[in-house]
Amino acid sequence: MKNKTNILNILRLPVDILGFLHKLIKDKLKFSISFRLSLNYLLVFLRAIILIGISILLVFALFKIHAVVSVNSNLLTGVLKDKQVGYTELKEFSEEYNVPVFVYDYNKKLLFASEQDVNVFEYKHTVGFKRTENEFYLILDKGSVINGYPVRVAFYSDIQREVADIILLSKITLIVLAVVTLFSAISIVFIGRGFFQPLKEMTKTVKDISAKNLNLRLNVSGSQDELKELALTFNEMMNRLEDHYNRQKQFVSDASHELRTPIAVIQGYTDMLDRWGKNDREVLQESIDAIKNEAENMRELIDKLLFLARHDKDNFVLQKEEFSLTELLQEIVKETTMIDSRHQISFVCDTEQTVFADRNRIKQAIRIFIDNAIKYTPTDKEIRIGLNEDQDYLVITVEDSGIGISKEELNHIFDRFYRAEQSRTKEKGGHGLGLAIAKIIVLGHGGKIRVRSKSEEGSEFTIFLPKTSSKTAEI
């Protein structure tokens, strides 16, 4: 019985240790993700090798016990097959092979015992085990007929030596598992450190990133797995953030610059009024006109800045409705002709076209393109406006005969506060925000813009608006 207890304790020891460590770590300690992953790998490995060890022990034990039982069972079966078998033959069999044999009837009454101390043994109708003071037995029960009477024959196979072998193998297995576990734990720790070293470097780099050094990026040269994909994704995000941050800085700088000029002009004329304008009517009128002009210029700039700010905050909503795009263009051409008599403005449209869009914003965008065409087209030159359809789009064209745009500048004309070199004069005016606003409006409607231009040959802006779209869209 002692050996049996030792086997159970040996088999249970690794499980108890793992359970204790798992509870201790789970309840009282909090570790980094690298430690938790390493620990999980170690636990999975330990479970695997423990299962293998237990499987080996069970197979070895079953093999040893089966060998003993098989031999004795075959011997006893050979004796019981003899129709003349009696208790004398069973006695001789017991003495020859040192196998205690007991015979019971089917009422569990003892009929024969090869051992004198029958109280040590007990009836077992099924396979079982029995521990005496010095022996460990495996009990096997067989049905037979002795002296013409049906009985149950139980014989006890001594497996003391086999149990000792099993215990020895258990100890060897436990030592081997302990050594393997120790080396595995050390290996997993070092492997885990190497595996998570890129994460530590990423963490350090991320901590060093600030507004002053947004150009820092994660190193992806040493990774070829999911960490590389994570680093690339992070770097792409930082590229977008840096670009957005730089645009914001440039936007603030440009806005400050644009506002500084009219404020300086207003302040200068105010000082002049304070000094001489009180009594000089010419100075007074000049100052009033200049202040009114600069105030209007500031109002226009602030309106555009507010429009862009609403767009940047993603709370600019288009109020869409179905209307005649043909009538809208005719209206814009008529209004433009009334205020500008220096250019020839023509409008060509073959059919009536309707669109589902924000009428006011579409009008604002088209006006921007026409105003730019007027601004950069010499006097008496023609500006052509057209409307047609192309598959799923309604196509608006604004073509001028102006100074054109160089290839280098075409990539920047929709940037905020960008103005071509030819336009950087007081006469041309503008803040460089018009085309940026027009682009936002067109893209917000699911449309697109195409620009063709050559220096000194004019430009053509083509606006594509989808024929159908949802009733509400946010830019």
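The following exercises, each with a worked solution, concern a predicted model.

**Exercise 1. Determine where E352 lies and which residues distant in sequence it contacts.**

Solution.
- Step 1. Locate the residue: E352 belongs to the loop that connects strand 8 (344-349) with strand 9 (354-357).
- Step 2. Set aside neighbours within four places in sequence; E352 is then in contact with S324, T326 and E327.
- Step 3. Compare sequence with space for one of these pairs: E352 and S324 are separated by 28 residues in sequence, and their C-alpha atoms are 7.3 Å apart.
- Step 4. Examine the side chains: those of E352 and S324 are joined by a polar contact of 2.3 Å. This value falls within the 3.5 Å cut-off for such a contact.

**Exercise 2. Describe how strand 4 pairs with strand 5, and explain why strand 4 is described as largely enclosed.**

Solution.
- Step 1. Establish the pairing: strand 4 and strand 5 (residues 149-158) run antiparallel and are joined by ten bridges.
- Step 2. Fix the register with one pair: L138 has S157 of strand 5 as its bridge partner.
- Step 3. Inspect the connection: the two strands form a hairpin with two residues between them, and N147 in the turn has a positive phi of about 55°.
- Step 4. Consider burial: because eight of the eleven residues of strand 4 (residues 136-146) are buried, the strand is largely enclosed by the rest of the structure.

**Exercise 3. Classify the packing of helix 7 against helix 8.**

Solution.
- Step 1. Take the geometry: helix 7 (residues 325-339) packs against helix 8 (residues 359-375) at an angle of about 45°, and the axes are 11 Å apart.
- Step 2. Classify the angle: helix 7 and helix 8 are therefore oblique to each other.
- Step 3. Assign the handedness: the crossing of helix 7 past helix 8 is right-handed.
- Step 4. Identify the residues that meet: helix 7 contributes residues including L325, L328 and I332, while those of helix 8 include I362, I366 and I370.

**Exercise 4. Place strand 13 among its partner strands and assess its burial.**

Solution.
- Step 1. Take one partner: strand 11 (residues 393-399) runs antiparallel to strand 13 and is joined to it by seven bridges. Here I396 has I463 as its bridge partner.
- Step 2. Take another partner: seven bridges also join strand 12 (residues 448-454) to strand 13, again antiparallel. K448 is the bridge partner of F464.
- Step 3. Inspect the turn: strand 12 and strand 13 form a hairpin with three residues between them, where E456 has a positive phi of about 65°.
- Step 4. Assess burial: nine of the nine residues of strand 13 (residues 458-466) are buried, so the strand is largely enclosed by the rest of the structure. Both faces are covered, with F464 among the buried residues on one side and I463 among those on the other.

Conventions
Residues are numbered from 1 along each chain as its sequence is written. This is a predicted model: local features need pLDDT of at least 70, side-chain atom pairs count only at pLDDT 80 or more; totals for chains, interfaces and linings use all residues. Side-chain values use heavy atoms; hydrogens and water are left out. Helices (H or I, at least four residues) and strands (E, at least two) are DSSP runs, numbered from the N terminus. Contact means heavy atoms within 4.5 Å. A polar contact is a pair of N or O atoms within 3.5 Å; within protein, one must be able to donate a hydrogen and the other to accept it, and residues adjacent in sequence count only if both atoms are side-chain atoms. Buried means under 20% relative accessible area, exposed over 50%, partly exposed in between (1.4 Å probe, protein chains only). Two strands pair if DSSP finds at least two bridges between them. Axes are lines fitted to C-alpha atoms, for helices over the stretch in contact, and angles run from 0 to 180 degrees between N-to-C directions. Angles under 35 degrees count as roughly parallel, over 145 as roughly antiparallel, 65 to 115 as roughly perpendicular and the rest as oblique. A crossing is left-handed if the near helix is turned anticlockwise from the far one by less than a right angle, and right-handed if clockwise.
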